[in-house]
Amino acid sequence: MNVTKDIIRWLCLGCYHNSRDHGFWTDLPRNKGEQVALIHSEVSELLEGIRKPGPDSHCPEFTSEEIELADICIRVFDYAGGHELRLAEALEAKMKFNAGRPYLHGKMF
């Protein structure tokens, strides 16, 4: 077993279990579109954290940018864990694929 894969799987299950234990998985199957929209909202909050830098209001030892990135990860891990997706394996496969792509993937930016 790959340690990195184990950590990602652990994060997926941990985020899912915390979300489930706090009532976010009571209606099954959970609406995937709603979950994607919530991930998107965290991305928008990240942009605001970059536009207006400063400490996070809930975890002031971190910047808003750092906390919003964490929130994105938590939502993604929750989604993957709750829907039993193979995120660890998909990340590994995609990283290997990207390693073989040309500079800037052949695009201007």
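This passage describes the nonpolar core and three backbone features of a predicted model.

The largest nonpolar core holds 7 residues. Its members are I8, C12, C15, F77, A80, L87 and A88. Three helices, α1 (3-21), α3 (64-82) and α4 (87-99), each contribute at least two of these residues. The largest share comes from α1, with 3 residues. In soluble globular proteins, nonpolar side chains tend to be buried together.

L87 belongs to this core. Neighbours within four places in sequence were set aside for its contacts. L87 then touches I8, C12, V76, F77 and A80. Of these partners, I8, C12, F77 and A80 are also listed among the core residues.

The backbone was examined next. A cis peptide bond links L28 to P29. Its omega is about -5 degrees. P29 lies in the loop that runs between α1 and α2 (32-51).

Positive phi values occur at E84 and at L104. Neither E84 nor L104 is a glycine. For E84, phi is near 55 degrees. This residue sits in the loop between α3 and α4. E84 has a relative accessibility of 72%. The cut-off for exposed is over 50%, so E84 counts as exposed.

For L104, phi is likewise near 55 degrees. L104 is placed in the segment after α4. Its relative accessibility is 43%, and L104 therefore counts as partly exposed.

Terms used. Residues are numbered from 1 along each chain as its sequence is written. This is a predicted model: local features need pLDDT of at least 70, side-chain atom pairs count only at pLDDT 80 or more; totals for chains, interfaces and linings use all residues. Side-chain values use heavy atoms; hydrogens and water are left out. A nonpolar core is a set of buried Ala, Val, Leu, Ile, Met, Phe, Trp, Tyr and Cys residues joined through side-chain atoms within 4.5 Å. Buried means under 20% relative accessible area, exposed over 50%, partly exposed in between (1.4 Å probe, protein chains only). Helices (H or I, at least four residues) and strands (E, at least two) are DSSP runs, numbered from the N terminus. Contact means heavy atoms within 4.5 Å.
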